[in-house]
Amino acid sequence: MPSWRIPLSDIDFGPEEQAALLEVLRSRWLSMGEQTQAFEAEFAAYLGCRHAVAVANGTAALHLALLALGVGPGDAVVQPAVNFVSTANMTVAAGAEPVFADVYGLAEPTLDAASAAQAAAAARRQGLRPRALVVMHYGGYACRMDELAALARAEGLAIVEDACHGVGATYGGAKLGAIGDVGCFSFFSNKNLVTGEGGMVTVERDDLAERVRRLRSHGMTSLTWDRHKGHASTYDVVCHGYNYRIDELRAAIGRVQLGRLDGNNERRRRHVERYRRRLAPLEAAGWTLPFLGADVAGSPASQPSCHLMTAVAPDEATRGRVAEALKAAGIQTSLHYPLIPAFSGFAGRGRLVPLPHAEAFCGRVLTLPLYPTMSPADVDAVADGVLEACNVPA
Ligand SMILES: *Cc1c(COP(=O)(O)O)cnc(C)c1O
């Protein structure tokens, strides 16, 4: 692994995570026990939802969300073309067809409700049943949930929130992941809450939670933990499930990380405000800074989690040039994300409506370093590197 002067992201672990891990090791109970139950209860309370079900990773969460909603062969799942590939892959894994919709624009790369409506209509013309809408809160900034909820009602679609970027963010007083029918989170090493691998499904409806729990563990009616506690002696298998369980080690780390979340998201917001001030001169040079309309300081009722700091270059060549210049200075960057239907494994699959904004965004977006433990001087160094590479005076 190259040692970057300023990496794209970094983890905020302290002695508390180490102590929590040691406690689990000493307990000698490693999977699905008290730590997992406590992590789920604390996460549900934090989000303000009835159920939180901890799982192996964010991809498992998305798979279980679609399966619990009954998505299967013949169904279409409308989703943004700008996303990590996880939702699209899990749609195919569920036997359904992904149908990609456009985003609002370079400044707001989240699912465009009008394009999503067109995608649902196009899916119907192909003989598919539009069944669910997966929205993704890009960078931790909320989608326009009012417009999307109206569309979902009109079309009879369930809403899955891919809230992998949005843990701790709010929209109209509610936490992201607690607004749609099902919320999905990832606790991968580069997310705002880190357990290594790990994820969570959040849901209000008891029947959906029950299905997610069954599917998480082989379709079984009782868990090893319940039998250990003497709550059950045998079990039935009522559906074809998976092993998507989390373990006690990760759940214990997750509980400590949940305690750090609000403070760390606040530190991310301050870094983004600084980035915005420093990079403002780029806009005259044809760059777009996404979500400038979102008040980062905001009110607690409507606040992004600032998972990503992105800037959209005037063209693909400029993005490449700036990324190279930063790399030469020891600054790591990334691209969130390449356009999904352009991947060879998708070969245009699900591309039923025009995607001009998604294409432009994916071709030109650059992700800059952002993590709670970076210093204001680090933010300045990255901003200076970008401005210098663009010949824009600071
Ligand atoms: C990280 C991520 C996922 C997948 O989560 P894993 O835990 O890596 O499986 C899905 N969607 C988005 C938007 C993500 O950022």
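1. Leu 282 sits in the loop that runs between helix 9 and strand 12, and in this predicted model it counts as buried because its relative accessibility is 0%, where the cut-off is under 20%. Once the neighbours within four places in sequence are left aside, Leu 282 is in contact with Trp 287, Val 386, Leu 387, Cys 390 and Val 392. As for its position relative to Gly 127, the two residues are 155 places apart in sequence, and their C-alpha atoms are 46 Å apart in space.

2. Helix 9, which covers residues 248-279, contains Asn 265. This asparagine is buried, because its relative accessible area is 1% and the limit for that class is under 20%. The side chain of Asn 265 reaches the backbone oxygen of Val 167 at a distance of 3.0 Å. Residues up to four places away in sequence not being counted, Asn 265 touches Val 167, Gly 168, Asn 192 and Ser 305, so Val 167 appears both as a contact and as the residue whose backbone oxygen is reached, the distance of 3.0 Å lying within the 3.5 Å used for a polar contact.

3. The ligand has 14 residues around it, and those that come nearest are Gly 58, Thr 59, Asp 162, Ser 186 and Lys 191. For Gly 58 the contact is made by the backbone, an N or O atom of which lies 2.8 Å from an oxygen atom of the ligand. For Thr 59 it is the side chain that supplies the N or O atom, at 2.5 Å from a ligand oxygen atom, while a polar side-chain atom of Ser 186 lies 2.7 Å from an oxygen atom of the ligand.

4. The largest pocket holds about 450 Å³ of space, and of the 26 residues that line this pocket, Phe 84, Phe 188, Asn 190, Lys 191 and Tyr 337 are the closest to its centre. Lys 191 is therefore a name to follow through the model, given that it is listed among the residues closest to the pocket centre and also among those that come nearest to the ligand. Helix 3 (58-68) and strand 13 (365-368) each supply at least two residues of the pocket lining, with helix 3 giving the most, namely 3 residues. By class, the lining of the largest pocket is made up of 10 nonpolar, 12 polar and 4 charged residues.

5. How many cavities of 30 Å³ or more does a search of the whole structure find? The search finds 2, and the largest cavity has a volume of about 70 Å³. The lining of the largest cavity is formed by Asp 10, Ile 11, Asp 12, Lys 191, Asn 192, Val 194, Gln 257, Asn 264, Arg 268 and Pro 372, which divide into 3 nonpolar, 3 polar and 4 charged residues. Asn 192, one of the residues touched by Asn 265, is included in this lining, as is Lys 191.

6. The second largest cavity has a volume of about 50 Å³, and the residues that line it are Tyr 141, Val 272, Arg 276, Leu 289, Pro 290, Phe 291, Leu 308, Met 309 and Thr 310. Helix 9 and strand 12 (309-312) are the elements that give two or more residues to this lining. By class, the lining of the second largest cavity comprises 7 nonpolar residues, 1 polar residue and 1 charged residue.

Conventions
Residues numbered from 1 in each chain as written. Predicted model: local features only at pLDDT ≥ 70, side-chain atom pairs only at ≥ 80, totals over all residues. Heavy atoms only, no water. Helix = DSSP H or I, 4+ residues; strand = E, 2+ residues; numbered from the N terminus. Buried < 20%, exposed > 50% of the residue type's maximum accessible area, 1.4 Å probe, protein only. Polar contact = N/O pair within 3.5 Å; in protein donor to acceptor, adjacent residues only side chain to side chain. Contact = heavy atoms within 4.5 Å. 1 Å grid on protein atoms, 1.4 Å probe; cavity = no way out; pocket = protein on both sides within 12 Å on 5 of 7 lines; lining within 4 Å. Points joined across faces, edges and corners; volume = space filled by probe spheres on them. Nonpolar A, V, L, I, M, F, W, Y, C, P; charged D, E, K, R; others polar. Near = heavy atom within 4 Å.
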